[in-house]
Amino acid sequence: MSDLKKMYNTLSQDPFPADMTVRLGEQELTFKKRTWEIEGETKGLRYGENPDQPAALYELVSGGLEFDGVKFRGEGQGLVSALTEEHMLQAGKHPGKTNLTDVDNALNILQYLYAKPAAVILKHNNPCGASWSEEGVGTALSNAFQADRIAAFGGAIVVNRPLTMEAVEVIDSAYFEVVAAPAFEEGTLEILKKRKNLRILQIPGIMDLEKLIGQPFLDIKSLMDGGMVVQFSFRNRILSADDFIPAVADKDGSSYTARTPTTKEADDLLFAWAVEAGVTSNSVIFARDGVTTAIGTGEQDRVGCVELAVTKARTKYADLLAFDQFKMSIFELKLKALKDEEAAANLAAIEKKAAEDKGGLTGSVLVSDGFFPFRDGVDLCMAQGITAIAQPGGSIRDNEIIQAVNEASPQVAMVFTGQRSFKH
């Protein structure tokens, strides 16, 4: 084994104690380190964000917090931190920090998608694709995978209903590192366990995620100087389409009002805003028919988010065309096109089709985690054929944004969420 490969297989020893206590004023929280008996050894987290970072997972086992009359999530409500050997149906290469925080962020999203069978695929703590569908988790997972099969490679899959054979077919068609579900239908585990390195997690509490809505947890951000920032975790105020606020703005004695979304548009906006709770800011999400069609994450400027999402949408759309027609990724086709004239012609045709079809974004709705400071981002979204927007509102240029959507033909709908959804 080369020295570079050893980097990923040489695990740092966990030096952290078995217990941890956090006291805020007179209120105290007690945590216990989570370990598992795997292959005759006691093991905790495989490692932290990188192999040379020792890490530990702690579960809250006693105590609780209440501030300003708000009770925080407490003992007995554990999900990822409460996983036992019984729930780790297959340890694979036993989980590291990233595996479990991906699952955790999926649960953060799925708590708002409890009304329908839903699936989220994550990489690097961001969703690659997400979907909900009345047709079941198999359809939802297939849609989530097709939303961005490039990014989904090596990702974590989490569903909010028992895993079905239809869903297993999707999992068996590509490489994934983690699968988590509240339960597994008969026969599914036998197929999944053929992949020896796959981590398979059963988290029964997924079926009761809606009970956590509105109850914050203590969100701790550590500073490089050893300090900490503590905050109430994000609490989504948009729990039904009725919670959206009409987009109205007054400026210089004039009032501006945007079109109200249709029932279908409102349902897609509700879905996309739920997914937004788990996306790194700045971000925008395009969605259609309960499926994310593009996700732009982590950009410093709002229009940059849109540009990123549009570019990614066209790439993954071209990739789907390449795979459907030639059973190769768009990148494999590009490589072949360097030396093969026929492949080059096929590539040109696919890229032209992806541009003409606007990366499959036409008919999507769009949510933004922050308001649009200028109309440039909105104009770029509308150029892709979107039909409705949800955004926090509150910009001094809200009137200009409303004017922009009203000038569109056909007119684009818009509502305000009345809250920002930044996540850093």
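Accessible areas here come from the Shrake-Rupley method with a 1.4 Å probe, and for residues only the protein chains shown count as cover. By this method the protein exposes about 20,300 Å², with carbon and sulfur atoms supplying 51% of that area. The model is predicted, so local features need pLDDT of at least 70 and side-chain atom pairs count only at pLDDT 80 or more, while totals for chains, interfaces and linings use all residues. Residues are numbered from 1 along each chain as its sequence is written, and side-chain values use heavy atoms, with hydrogens and water left out.

Of the 424 residues, 49% count as buried (under 20% relative accessible area; exposed means over 50%, partly exposed in between, with a 1.4 Å probe and protein chains only). The C-alpha atoms fill a box of roughly 65 × 65 × 45 Å along the principal axes.

Helix 10 offers a closer view. This element spans residues 341-356 (helices are DSSP runs of H or I of at least four residues, numbered from the N terminus). Its buried residues are Ala343, Leu347, Ile350 and Ala354. These cover an arc of only 65° around the axis (from the directions between the helix axis and the C-beta atoms), which puts them on the same side of helix 10. An α-helix has 3.6 residues a turn, so residues three or four places apart point the same way. The face turned away from the buried side carries the exposed Glu341, Glu342, Lys352 and Glu356.

Both ends also have local features. At the start of helix 10, a side-chain oxygen of aspartate 340 reaches to within 2.9 Å of the backbone nitrogen of glutamate 342. Just after the helix, lysine 358 takes a positive phi of about 50°.

Technical notes
Helix = DSSP H or I, 4+ residues; strand = E, 2+ residues; numbered from the N terminus. Expected span 1.5 Å × (residues − 1). Polar contact = N/O pair within 3.5 Å; in protein donor to acceptor, adjacent residues only side chain to side chain.
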